[in-house]
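Hi,

Here is the structure I promised to pass on. Have a look at it first, then read my notes below.

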Amino acid sequence: MEMEAAAAPGREAPAGRASQPRGCGKHNSPERKVYMDYNATTPLEPEVIQAVTEAMWEAWGNPSSPYPAGRKAKDIIKAARESLAKMIGGKPQDIIFTSGGTESNNLVIHSVVKHFHVNQTSKGDTGVHHSPVEGAKPHLITSSVEHDSIRLPLEHLAEEQAAAVTFVPVSKASGQAEVDDILAAVRPTTRLVSIMLANNETGVVMPVPEISRRMRALNQERAAAGLPPILVHTDAAQALGKRRVDVQELGVDFLTIVGHKFYGPRIGALYVRGLGECTLLYPMLFGGGQEQNFRPGTENTPMIAGLGKAAELVTQNWEAYEVHMRDIRDYLEERLEAEFGQKRIHLNSRFPGTERLPNTCNFSIRGPRLQGRMVLAQCRVLMASVGAACHSDHGDQPSPVLLNSGVPFDVARNALRLSVGRSTTRAEVDLVVQDLKQAVAQLEDQA
């Protein structure tokens with residue numbers, strides 16, 4: 001869902017053990033680099049590469065074909081679907097493979113809009129006591145800090161007057177979209193609430209279970225008033241592999257899965273609760289009927305095999321991943337404050353009382369010449385980004401996510417987003433902090 005700001009590191013360790021990005025072996029190497037942009041993309045685990053390679057050799061057949069290579073491909077897809085379902089606590093029949101998070105998010109949005117118009121045409125379903133059929137538009141609610149694959153399709157629908165959209169601001173105290181603000185935005189024509197599970201820049205975890213719980217209660221009232229239910233979608237791209245993700249606990253109708261955020265390949269999937277029965281979905285593509293006709297096209301068996309293996313690793317190890325990443329992230333923040341001073345370091349992703357991803361550190365080093373891009377340009381070791389990697393061409397404009405979260409303009413302009421991974425070490429943190437220190441000294445000497 002994000003384009004990389006720097007080339008993703010390769011993986012060299014043998015299968016079955018934690019692996020490290022290239023260049024992390026010898027501390028005295030002049031070419032040594034430390035990758036800390038895991039929120040942008042992750043390298044493939046060796047086991048994932050092995051699964052992809054084996055599928056390319058053994059399961060090259062069309063999964064719809066009856067001969068051995070085709071049957072093998074079909075079996076691999078079935079097993080991967082089961083692995084994804086287990087990872088999120090769902091059912092295999094509720095998982096659809098997609099090209100990635102952008103497609104999954106668009107599929108949800110366009111399905112909800114399509115369903116509104118189909119019902120409007122067939123039944124006049126816009127709320128019998130609230131809105132006339134003619135000219136009614138579906139209403140969708142999201143937050144002001146969503147990924148572009150949510151924000152842009154919603155803005156496009158609003159510009160085309162195909163839907164009405166409310167972008168609920170996040171609290172400057174918590175960094176979260178507040179449940180009461182979302183409820184206050186609800187209209188008779190509201191059909192979808194889409195709130196990311198964790199923000200890709202700040203790491204703030206959104207109150208999705210509470211949103212779902214309140215929506216269920218509201219939907220009972222709406223049913224009594226003859227109004228259709230409001231569905232809940234969460235983009236879980238950043239949360240998977242870093243914390244527990246369970247669709248039953250979240251209570252959502254849709255959940256977006258993105259492989260390259262949890263050491264898998266660059267494809268994705270969509271969870272739909274009670275697909276085709278409890279929750280309707282409308283395809284954006286039409287073709288050979290694959291994926292229960294919801295996402296046709298001959299399946300990309302090798303990448304699906306890799307996605308299934310990546311999901312399997314998350315199911316087995318997510319607690320250990322979370323503990324390790326939190327330890328390294330906390331050590332990084334301690335070292336930053338120790339080297340630069342607490343008054344000079346502003347931790348943009350730390351909101352008191354708010355849960356955040358265990359691997360994400362968004363911070364600014366205060367100073368007039370220390371804009372994030374300028375600091376990164378001086379770094380010799382660190383590979384990271386100033387924010388969402390898909391915004392890497394936005395010049396020196398501060399991140400809208402940080403500004404919307406209440407970070408002052410001058411502080412947000414200096415922001416760096418460091419996101420650690422499963423194999424990041426304390427020694428690498430020490431290298432990065434020293435690298436940042438020399439970069440800052442170099443910039444200030446130029447003043």
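**Two helices that cross**

Helix 8 and helix 12 cross in a right-handed way; a crossing gets that name if the near helix is turned clockwise from the far one by less than a right angle, and left-handed if anticlockwise. Before going on, note that this is a predicted model, in which local features need pLDDT of at least 70, side-chain atom pairs count only at pLDDT 80 or more, and totals for chains, interfaces and linings use all residues. Residues are numbered from 1 along each chain as its sequence is written, and side-chain values use heavy atoms, with hydrogens and water left out.

Back to the helices. Helix 12 covers residues 426-445, and it packs against helix 8 at an angle of about 30°, the axes being 10 Å apart. Axes are lines fitted to C-alpha atoms (for helices, over the stretch in contact), and angles run from 0 to 180 degrees between N-to-C directions. Helices (H or I, at least four residues) and strands (E, at least two) are DSSP runs, numbered from the N terminus. On the helix 8 side the contact includes D327, Y331 and F340, and on the helix 12 side it includes R426, V433 and V440. Contact means heavy atoms within 4.5 Å.

**The sheet beside helix 8**

Helix 8 (residues 301-340) also lies across strands 9, 10 and 12, at about 10° to strand 10. Those three strands make an open, antiparallel sheet in the order 9-10-12. Two strands pair if DSSP finds at least two bridges between them. Why does one side of strand 9 and of strand 12 have no neighbour in the sheet? Strand 9 (345-347) and strand 12 (415-419) are at the edges, so each has a single partner strand. On average, neighbouring strands here are turned by 30° against each other, direction ignored. Strand 9 is joined to strand 10 (residues 360-365) by three bridges, and H346 sits opposite S364 of strand 10.

**Strand 8, boxed in**

All five residues of strand 8 are buried, so the strand is largely enclosed by the rest of the structure. Buried means under 20% relative accessible area, exposed over 50%, and partly exposed in between (1.4 Å probe, protein chains only). G268, L270 and V272 point one way, while A269 and Y271 point the other. Strand 2 (residues 95-98) runs antiparallel to strand 8 and is joined to it by four bridges, with F97 partnering A269. Strand 7 is also antiparallel to strand 8, over five bridges, and there F254 partners V272.

**A cluster of tyrosines**

Which residues do ring pairs link into a cluster? They are Y35, Y38 and Y263. Rings of Phe, Tyr and Trp (its six-membered ring) pair if their centres lie within 6.5 Å; planes under 30 degrees apart count as stacked, over 60 as edge-to-face and the rest as tilted. Y35 and Y38 are edge-to-face, 4.8 Å centre to centre with 75° between the planes. Y38 and Y263 have centres 6.1 Å apart and planes at 25°, so they are stacked. That second pair links parts of the chain 225 residues apart. Y35 is buried at 2%, Y38 is buried at 2% and Y263 is buried at 4%.

G264 is in the loop between strand 7 (254-258) and strand 8 (268-272), and it is buried as well, at 2% relative accessibility. Its contacts beyond four places in sequence include T42, V48 and A310.

Enjoy looking around!
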